[in-house]
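Dear colleague,

I am passing on the structure we spoke about, with the sequence and the coordinates placed just below. My notes on what turned up follow after it.

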Amino acid sequence: QVQLVESGGGLVQAGGSLRLSCEASGSIFSIYSMGWYRRAPGKQRELVAADTRGGSITNYADSVKGRFTISRDNTKNTVYLQMNSLKPEDTAVYYCNADVFTSTLENADYWGQGTQVTVSS
């Protein structure tokens with residue numbers, strides 16, 4: 001079993017910053033990719049940022065390019081999302097995702113429980 005635990009969400013004013021963290025633990029052999037998704041009220045879940053192969057490939061939603069930065073600490077199985085210049089439209093529940101090879105070499109996607117980010121205008 002693999003668990004993802006997120007932290008760092010909260011309430012911030014527009015223009016402010018937040019840093020989300022997500023630590024993966026459990027029966028992990030290796031992690032191929034880690035990323036962040038979000039779901040705003042009344043909208044579908046969307047990719048925010050993803051880090052594949054320990055940073056060799058990163059992808060960002062157009063709406064967050066230049067404002068958000070994803071990074072990983074492979075020694076801690078942790079992914080971070082630094083969010084700067086936050087806007088009210090960034091308000092959403094943010095979910096961590098990891099594509100994991102377990103200790104039995106099974107491959108599966110895992111999700112965190114979500115952390116609320118609220119940006120006030």
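**Sheet, disulfide and two residues**

Leucine 20 has leucine 81 in β8 as its bridge partner. Please keep in mind, while reading on, that this is a predicted model. The pairing of β3 with β8 is antiparallel and runs over 6 bridges. These two strands belong to an open sheet of 4 strands, ordered β1-β3-β8-β7, in which the pairing is antiparallel. The edges of this sheet are held by β1 (2-7) and β7 (68-73), each of which has a single partner strand, so that one side of each is left without a neighbour in the sheet. From one strand to the next, the twist averages 15°. As a general reminder, strands of a sheet pair through backbone hydrogen bonds, in either the parallel or the antiparallel sense.

Taken as a whole, the protein chain holds 11 strands and 0 helices, and its elements, read from the N terminus, therefore run β-β-β-β-β-β-β-β-β-β-β. Its radius of gyration is 14 Å, close to the 14 Å given by the globule rule for 121 residues, so the chain is as compact as a globular protein of that length. The C-alpha trace spans about 50 × 25 × 25 Å along its principal axes. Of the 121 residues, 43% are buried, and among contacts between residues at least 6 apart in sequence, 55% join residues that are at least 24 apart.

Which cysteines are joined by a disulfide? The count comes to 1 disulfide, and it joins cysteine 22 to cysteine 96, with a distance of 2.1 Å from S to S. Cysteine 22 lies in strand β3 (residues 18-26) and cysteine 96 in strand β9 (residues 92-102), so the pair ties together parts that are 74 residues apart in sequence. The torsion about the S-S bond is about -80°, which means that the disulfide is left-handed. Both cysteine 22 and cysteine 96 are buried.

Cysteine 22 also appears among the contacts of threonine 78, a residue placed in strand β8 (residues 78-83). Is threonine 78 buried or exposed? Its relative accessibility is 7%, and because the cut-off for buried is under 20%, threonine 78 counts as buried. Setting aside residues up to four places away in sequence, threonine 78 touches Cys22, Glu23, Met34, Ser71, Arg72 and Asp73. A polar atom of the threonine 78 side chain also lies 2.9 Å from the backbone oxygen of lysine 76.

The other residue I looked at is valine 2, which is found in strand β1, one of the strands at the edges of the sheet described above. Valine 2 is buried, with a relative accessible area of 6%. Apart from its neighbours within four places in sequence, valine 2 is in contact with Ser25, Ser27, Ile28, Val100, Thr102 and Tyr110. Valine 48, by comparison, is 46 residues from valine 2 in sequence and 22 Å from it in space, C-alpha to C-alpha.

With best regards

How values were computed: Residues are numbered from 1 along each chain as its sequence is written. This is a predicted model: local features need pLDDT of at least 70, side-chain atom pairs count only at pLDDT 80 or more; totals for chains, interfaces and linings use all residues. Side-chain values use heavy atoms; hydrogens and water are left out. Buried means under 20% relative accessible area, exposed over 50%, partly exposed in between (1.4 Å probe, protein chains only). A polar contact is a pair of N or O atoms within 3.5 Å; within protein, one must be able to donate a hydrogen and the other to accept it, and residues adjacent in sequence count only if both atoms are side-chain atoms. Contact means heavy atoms within 4.5 Å. A disulfide is a pair of cysteine sulfur atoms within 2.5 Å. Two strands pair if DSSP finds at least two bridges between them. Axes are lines fitted to C-alpha atoms, for helices over the stretch in contact, and angles run from 0 to 180 degrees between N-to-C directions. The radius of gyration is taken over C-alpha atoms; the globule rule is 2.2 Å times the number of residues to the power 0.38.
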